[in-house]
Amino acid sequence: MFKSFLTLLKRDLMLALRRKSDVFTVLFFFVIVISIFPLGVGFEADTLRKIAPGVVWVAALLASTLALERIFANDFADGTLEQMLMTPQPLSVLVFAKVIAHWLLTGLPLVLIAPLAGLQYHLSLPTIGTLMLVLLIGTPVLSMIGAIGAALTLGLRGGGVLISLLVLPLYIPVLVYGAGAISASMQGDVPLQAYYLLLSAFLLLALVFAPWATAAALRISVE
Amino acid sequence: MKEFFAMGGYGFYVWSSMGFALFLMLLEPIYLHMQHKSIVKHIQRQIRRESARSKENQS
Amino acid sequence: MAINWFKYSAPSSFYPLAGKMVPVFMTLAIVLTLGGLYWGFFQTPEVLSDQKQYYKIIYVHVSSAWMAMWLYVVMVAWAVLGLIFNTRVSYMMASATAVTGGIMTAISLWTGAFWGQTSWGTWWDWDPRMTTQLILLFLYIGYLALQSSIEDTRRSDRASAVLAMVGLAIVPVIYYSINCPNPNECASLHQESSLERVESNILIGMLVTTLGFWMYCFTVILMRVRNIILRRESHTSWVARLEEMQ
Amino acid sequence: MTLSVKQLQCSRGDLCLFQDLSLELQAGQLLRLEGKNGSGKTTLLRTLCGLFMADEGEILWRGESIRKTPEVYYRELFYLGHQNALKLDLNPLENLQVLSRLVGQNVSEEVIEIALAKMGLAGYEDVPVRKLSQGQKRRVALSRLLINEAPLWVLDEPFVALDVAAVELLQSIIVQHVQDGGMVILTTHQAVPLPETKMQRLSLDRYV
């Protein structure tokens, strides 16, 4: 079981490296969305600091939904997805590998680029630390839940917009506590433990249930 | 009767909110009934088309 | 006398049954809704002084809000039934319920905004329950959007069933996260619901109206499912034999 | 090692494709599926692979339903559809390695190179599949037949878009597999040179 998980993960990463442009489009989208807000809202430090948590998280949400369609679309088009449905391993393990690969290529870069956004928004260093940690816990949940939407809308025209329509409402808990943690860390003495626990709980629930739901959705869509 | 509609000065709010809601709830069954009729008409036409075509095949 | 539920799971036997039930539920809906509203409007003693007349909005607001939430659960129930027993009628009932659920949510938001304007002075103030209703509307819209964008009825039924189940699993988490965004001093989750502090007569009016809304929803859902059955089974022989078609 | 199908019924949307279809396939036999286009041949093949859910009926492999023990069935099944199941950015070697490892087989590079050579693709091992012609891509997909150890093959129109040489090559591979005690289910208009005893035919037009 673990061998095929690694095989698929390695294959997806290899594919991505051969087609680097896909990786950077999501990253640049995230950076552009974050950099546009100050132009609209004004450059005062305290307003930027106040809106930073929300802006960063909404940008992360939009960037992740933008990239979701690609998780299964290529495999569905060239027939490899069918082969994956007919392996001795449970499908949810393979789905898990694909989602992890997707997260490594679209979620993790957001975490690594987040300090840049922090500086743009005059965030203090500890807050940037919180920002990165919260994004680190939150973005996998976005990929996991988003994969369900991607599997449901497989092969539909106008699938990209449809995915965000289906999936954005489901991201709300991660958005609320993700942004909440960052604004709490800005007030200094507020304990952040509760936020991290809640986000980690979401992550665990997503890790357990999302691949299974995605596998069921894939079987329905590939039929 | 007049003060009934005035509703203590909130007449506008009460009636427009309730009015719209009940109007919508009235509209839906009517729309569904018309939709039902149009589907029935469509199927009748379809049956006539098929019976006509089957007669041609036999003749 | 074991009721053979599976007999009614076939569209051909469910269609006439639904046809017979529609008038019954419609009359019940009219009687109960008007009765509830009449009771609420005229029978409640002027407990509240005159200028508080706007509370009458809550009859429709609370009834539609409850229906909006209940219909989502009913929709998921039909979807799950469809997935387990693979009966097409259950899927049709799920998609029929979704539209009425969406309308009920829209009504509850509309009346809620008016209620907010009169009692809090703002059309929309992100009150946790109202925000959850808004998100519920997005879930309904997502369900209907997915269903309409998939041509193959078999796939659209089962795909939207999965989406509805995922939605239902996450709705409580959404409600929790909106109700106490700051986990450190999370306000008592259970705000005083509109039931406790309500005077008994108003309560009666509200409950009767809600029952009326239940009947109304049954009526409309059954009418819509009959249309769906006709549209999907238009090529079958039992439809051709229906007396309406002669 | 038998594949038995009992009272299978499949429908697309509201159209019933076939009903109470039963068949039994023993080791060392080939089943040809015939029927006009749209008669549900591909749907039947996909149902046999567990990709499509039948309305009624059961599919048993070694006496066990494929729904209950899919891992046993999928270890012994090889399906080749209209699509080649190849990633265009990878070269044939990587593609075949990934696909065989996914099914749990550990295949060495030499075996893959021999198989590719046999399919007339010697020297193309590290050329990205995107650069190959349509016929060559199909040959890469077919070379998986030489690598996999699955006894049951389900092939959907395998001879399509193949030149004469490739058709003969594929025919010999299929015949060899059946004679070695393997089982093949395929849809094709091509002749497959096998003695009648080893051949079963099934026309879907009879099951509507």
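**Exercise 1. Work out whether Cys49(D) is buried or exposed, and what that cysteine does about disulfides.**

Step 1. Start with accessibility: Cys49(D) has 0% relative accessibility. The cut-off for buried is under 20%, so Cys49(D) counts as buried.

Step 2. Keep in mind that you are looking at a predicted model. Now look for a partner: the closest cysteine sulfur to that of Cys49(D) belongs to Cys10(D), and it is 12 Å away. A disulfide needs sulfur atoms within 2.5 Å, so 12 Å is too far for a bond.

Step 3. Check the whole structure: over all chains there are 0 disulfides. Cys16(D) fits that count, being in no disulfide, with its nearest cysteine sulfur, in Cys10(D), 8.4 Å away. Cys16(D) is partly exposed, at a relative accessible area of 28%.

**Exercise 2. Describe how helix α2 of chain B meets helix α1 of chain C.**

Step 1. Find the two helices: α2(B) covers residues 11-58 and α1(C) covers residues 11-43. Their axes come within 14 Å and cross at roughly 165 degrees.

Step 2. Turn the angle into a word. Angles over 145 degrees count as roughly antiparallel, and therefore α2(B) and α1(C) are roughly antiparallel to each other. The handedness of this crossing is left-handed.

Step 3. Name the residues that make the contact. From α2(B) come Val14(B), Trp15(B), Met18(B), Leu22(B) and His36(B), and from α1(C) come Tyr15(C), Leu37(C) and Phe41(C). Sort them by class and you get 7 nonpolar, 1 polar and no charged residues.

Step 4. Zoom in on His36(B), which sits in helix α2 of chain B. His36(B) is buried, with a relative accessible area of 11%. Skipping residues up to four places away in sequence, His36(B) touches Tyr15(C), Arg226(C), Asn227(C), Leu230(C) and Glu244(C).

**Exercise 3. Do the same for helices α2 and α6 of chain A.**

Step 1. Here α2(A) is residues 20-41 and α6(A) is residues 91-120; the axes come within 10 Å and cross at roughly 30 degrees.

Step 2. An angle under 35 degrees counts as roughly parallel, so α2(A) and α6(A) are roughly parallel to each other. Their crossing is right-handed.

Step 3. Look at who meets whom. On the α2(A) side you'll find Val23(A), Val26(A), Leu27(A), Phe30(A), Val31(A), Ile34(A) and Ser35(A). They meet Leu105(A), Thr106(A), Pro109(A), Leu110(A), Ile113(A), Leu116(A), Ala117(A) and Gln120(A) of α6(A). Split by class, the contact of α2(A) with α6(A) has 12 nonpolar, 3 polar and no charged residues.

**Exercise 4. Find which chains touch, and sketch chain C.**

Step 1. There are 4 pairs of chains that touch, and the pair B and C has the most contacts among them.

Step 2. Now for pairs that miss each other. Chains A and B share no contact, and their closest C-alpha atoms lie 25 Å apart. Chains B and D do not touch either, with nearest C-alpha atoms 16 Å apart.

Step 3. Sketch chain C: 7 helices and 0 strands, giving the pattern α-α-α-α-α-α-α along the sequence. Of its 246 residues, 55% count as buried. Among contacts in chain C with a separation of 6 or more, 74% come from residues 24 or more positions apart.

Step 4. Pick one spot, Ala240(C), in helix α7 (residues 237-240). Ala240(C) counts as partly exposed at 29% relative accessibility. Apart from neighbours within four places in sequence, Ala240(C) contacts Ile47(B), Met245(C) and Gln246(C). Compare Arg88(C): from Ala240(C) it is 152 residues away in sequence and 19 Å away in space, C-alpha to C-alpha.

**Exercise 5. Say what catches the eye in the phi angles of Trp126(C) and Gln7(D).**

Step 1. Recall the background: most residues other than glycine have a negative phi.

Step 2. Take Trp126(C): its phi is near 55 degrees, a positive value in a residue other than glycine. Trp126(C) lies in the loop between α3 (88-119) and α4 (128-149) of chain C, and it is exposed, at 57% relative accessible area.

Step 3. Take Gln7(D): its phi is near 45 degrees, again positive in a residue other than glycine. Gln7(D) sits in strand β1 (residues 3-12) of chain D and counts as partly exposed at 48% relative accessibility.

Key. Residues numbered from 1 in each chain as written. Chains lettered and ligands numbered in written order. Predicted model: local features only at pLDDT ≥ 70, side-chain atom pairs only at ≥ 80, totals over all residues. Heavy atoms only, no water. Axes fitted to C-alpha atoms, helices over the stretch in contact; angles between N-to-C directions. Helix = DSSP H or I, 4+ residues; strand = E, 2+ residues; numbered from the N terminus. Parallel < 35°, antiparallel > 145°, perpendicular 65-115°, else oblique. Left-handed = near helix turned anticlockwise from the far one by under 90°. Contact = heavy atoms within 4.5 Å. Nonpolar A, V, L, I, M, F, W, Y, C, P; charged D, E, K, R; others polar. Buried < 20%, exposed > 50% of the residue type's maximum accessible area, 1.4 Å probe, protein only.
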